[in-house]
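Biologist: Thanks for sitting down with me over this one. Could you put the sequence and the fold on the screen so that we can go through them together?

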Amino acid sequence: MTDTLNTTSPSTGSGGEFAATPAADIVADLTLEEKASLTSGASFWTTQGIERAGIPAIVLTDGPHGVRLQKGSADHLGIGDSVPATCFPPAVALGSTFDPELLARVGTALGEEARAEGVGVLLGPGVNIKRSPLCGRNFEYLSEDPIVSGVLGAALVNGLQSQGVGGSLKHFAANNQEHDRMSSSSDVDPRPLREIYLRGFQRVVEDAQPWTVMCSYNRLNGVYTSEDPWLLNTVLRDDWGFEGLVVSDWGAVNDRVVGLPAGLDLEMPSSDGRSAAKLVAAVADGSLDESALDVGARRVVELVQKAVAGASDAAYDVDAHHALAREAAGRGAVLLKNDDAILPLDAATSVAVIGAFAEKPRYQGAGSSLINPTRLDNALDAIVSYAGEANVAFAAGFTTDGSDGAALVAPAVELAASNDVVVLFLGLPGSYESEGFDREDLHLPAEQLALLEAVVAANPRTVVVLANGGVVELPFAGDVPAILEGWLGGQAGGSAIADVLYGTVNPSGRLAETIPLRLQDTPAYLNFGGDFGHVRYGEGLFVGYRWYDARDAEVAYPFGHGLSYTTFGYSDLSVTAAESAADASGLTVRVTVTNTGDRAGREVVQVYTGLAASGVQRAPRELKAFANVALEAGESRVVEIPIRSEDLAYWDIRVDRWVVEPGAYRVEVGASSRDIRLSAVVEVEGEQVRLPLSLESSIAELAADPVAGPIVMQAMGSFASGMADTDIFDEGGLEKMMASFPIGKLAGFPGVPVTPEQIQQLIDLSNSQRS
């Protein structure tokens, strides 16, 4: 066992007295200038301490899948050199595990390492929705689905904060591209904003209470998120009950005086005192109420108190964390295809390992989350450890630095022809995807595709292993018997891939995002990037699998898909609903899952709901819950999966709140959004939203009203009969046309037997029955 011990840091603070003193009392003793100074960083990575008041500084640092703590002599960003830390698989791989228990363990390990390095807040996780596969930072995000993002994000935060280290939920909100990210406006309608882009954040806040939430760079519907009181106060704090601090993304502040009362408590990094001076001047001239400064300063002190209370001498087991990184990478790998059970490989099989990534792995993304790993495995060495040097031969086949690799193809093809099986490692070079810019397409490099074609011609028994942070087009899917999506696997990803290839790990990863056939098929294809600083989210609710399923469009591999070396059967589905709309328990789904194969494995049981007779636009099915179930060969288990009532709700723009619509919900249980094994229909009581009637209400709305409906329909019966007798309308045509006609415009028409005054009296009577 190798331990890394705590070192002296700004986070260790002065102990119990400071942490126990009410933050409001500490702030009350500060000068105006001192309070203002607390709300901006002291350096690139530390908060401002005030020695006179006993307030220490604390360290905030990246990143979501490892501790990227700058060394003292490093560049100011800390990208060039940081302390060694375990590079766990990025979120793209962790999301594919569909396993909150595993992610909680990863979060706990991150917390142990952060404490050992004196870090008070680790900047992650990222739960932004994968709106488009072109987003250059998708490797840092968990899923295209808000339930997956929320459940897994909460698990990471709970694990991290169990160690006395704060999480920083990011990037809040609607930050779904890197192009023009510092100022572009994400223009999103209320329903998709609430149901898709905010729902994951809400789940993490309500289930895990992260110490901090990080506001994003972009504008949301025209307003910078760093100065949006609706987002940071009304939604985050009032609606969701957030108790922590809002910190800016590094450099996201637009106007500090506007942002502070809007809910942005801490500006990072340091502004060298400029922001503090502006705040002091604004209080002096009356443009900023000092109480807003008191609130921001208090929240900063509360954050520092938490960090100080959690700081202690700490150590972590480097070997154990590497083993956990290996487990997570193996669990996140997704077996997309496995014809004729070519996998797992037999150790006695001769293998041609081809592809530069086998020897020099692509294991993490670029940008602020770049980790300096404690060690680095590669797949080639790991394969040799399974099969022995005599059974393994290697050829690079291509380069990853853009240099000419034409001379590498012929040796690779020769090697492919002379071995039983080829394991071909392909993927995206680091220059293709990163924080700061978006991808231009979904293609693998042309030289890699050409190599694949030549290798398959020489040996059809070719297994493709992918290394990429975002999905890629797979035009060769029909030409190879097996594809293993390894994502970016972290520092132990090479060994994890070998574990899956040789069956030590039975693959259980599932796609947390759809793999399309081509870029042109993706939901945001015509609305990504934007024009003149505005990005229109024109696909609305139909993000990811919701889009493909609604259009019944063909995909390469659907959301939730992933194969195993065993098989699973589903039986005995039952669904029970809460007895009343006020009951938050929602639905309880029970299903028996059986491992019908000959080896132990894990199944990700996915539960979708749909409401065909809905009064609002909906996707055919939406994931509402899931369970990760480990089963021995032949084992059966009854799996109980709850669906929260709030997860059945849609955002009703008429009343500006969540509503569970009553009706007959179809509950589908299966292994992907396109592999539904069982379904049932359950009646949900829900809530009937009755809006006040007016002269602008349609005839259909009045007809549905229990008070006005019978009277209006009886009074208009003769008029409707007379119109129908004119033969102007086909059968049913009159009813369809009149349904949307405002009652106030119809009353008084020749032949209509009611006056506007009578209609108004009826409306008033009906509305009085509602109060």
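Modeller: Gladly, and keep in mind that this is a predicted model. Let's start with a helix: on one side of α15, A410, E414 and A417 are exposed.

Biologist: Which residues of helix α15 are buried?

Modeller: Helix α15 covers residues 409-417. Residues count as buried when their relative accessible area is under 20%. In α15 that description fits A412, L415 and A416.

Biologist: Within what arc do the buried residues of α15 fall, seen down the axis?

Modeller: Here the helix geometry helps. An α-helix has 3.6 residues a turn, so residues three or four places apart point the same way. The buried residues of α15 line one face of the helix, because they fall within an arc of 105°.

Biologist: And which elements do the buried residues of α15 pack against?

Modeller: The exposed residues A410, E414 and A417 are on the other side, so let's follow the buried ones, which line one face. Their packing partners include β12 (351-354) and β13 (392-395). The others are β14 and α16.

Biologist: Let's turn to charges. How many salt bridges does the count come to?

Modeller: Side chains of opposite charge can pair when their charged atoms come close. The cut-off here is a Lys or Arg side-chain nitrogen within 4 Å of an Asp or Glu carboxyl oxygen. By this rule the count is 49.

Biologist: E435 forms a salt bridge with R137; how many residues apart in sequence are the parts that the pair ties together?

Modeller: The closest N and O atoms of E435 and R137 are 3.4 Å apart. E435 sits in the loop between β14 (421-427) and α16 (446-458), and R137 in the loop between β3 (121-122) and α6 (146-161), so the pair ties together parts whose separation in sequence is 298 residues.

Biologist: Are E435 and R137 buried or exposed?

Modeller: For E435 the relative accessible area is 15%. For R137 the value is 2%. With the limit for burial set at under 20%, E435 is buried, and R137 is also buried.

Biologist: Which residues are linked with R137 and E435 in a network of salt bridges?

Modeller: We have already met the bridge between E435 and R137. Both belong to a network of salt bridges. The other members are D62, R68, E140, K170, E178 and R181.

Biologist: Where does E603 lie, the residue that R510 meets in a salt bridge?

Modeller: The N to O distance between R510 and E603 is 2.9 Å. The pair links distant parts of the chain, 93 residues apart. R510 is buried at 1% relative accessible area, and E603 counts as buried at 3%. R510 lies in the loop between α17 (493-501) and β17 (534-536), while E603 lies in strand β20 (residues 601-610).

Biologist: What is the relative accessible area of R590, the residue in strand β19?

Modeller: R590 forms a salt bridge with E640, with the closest N and O atoms 2.9 Å apart. R590 is in strand β19 (residues 587-595) and E640 in strand β22 (residues 636-643), 50 residues apart. R590 is partly exposed, with a relative accessible area of 31%.

Biologist: Now for the empty space. Which element gives the most to the lining of the largest cavity?

Modeller: The structure holds 11 cavities of 30 Å³ or more, and the largest has a volume of about 180 Å³. Its lining has 19 residues, with R362, A467, G493, G494 and I497 nearest the centre. Two elements, β15 (462-467) and α17, give two or more residues to this lining. The most, 4 residues, comes from α17.

Biologist: How many charged residues are in the lining of the largest pocket?

Modeller: The largest pocket holds about 590 Å³ of space. Among its 24 lining residues, R654, Q688, V689, R690 and L691 lie nearest the centre. By class, the lining has 12 nonpolar and 3 polar residues, and the number of charged ones is 9.

Biologist: Last one: which element gives the most to the lining of the second largest pocket?

Modeller: About 340 Å³ of space lies in that pocket. Q202, E646, D647, A649 and W658 are nearest its centre. Elements supplying at least two lining residues are α6, α8 (199-208), α19 (645-648) and β24 (657-659). With 4 residues, the one that gives the most is α8.

How values were computed:
Residues are numbered from 1 along each chain as its sequence is written. This is a predicted model: local features need pLDDT of at least 70, side-chain atom pairs count only at pLDDT 80 or more; totals for chains, interfaces and linings use all residues. Side-chain values use heavy atoms; hydrogens and water are left out. Buried means under 20% relative accessible area, exposed over 50%, partly exposed in between (1.4 Å probe, protein chains only). On a 1 Å grid over the protein atoms alone, a cavity is a set of points where a 1.4 Å probe fits but cannot get out, and a pocket is an open set with protein on both sides within 12 Å along at least five of seven lines; lining residues have an atom within 4 Å of a point. Grid points are joined across faces, edges and corners, and a volume is the space filled by probe spheres set on the points. The arc is that of the directions from the helix axis to the C-beta atoms. Contact means heavy atoms within 4.5 Å. Ala, Val, Leu, Ile, Met, Phe, Trp, Tyr, Cys and Pro count as nonpolar, Asp, Glu, Lys and Arg as charged, and the others, Gly among them, as polar.
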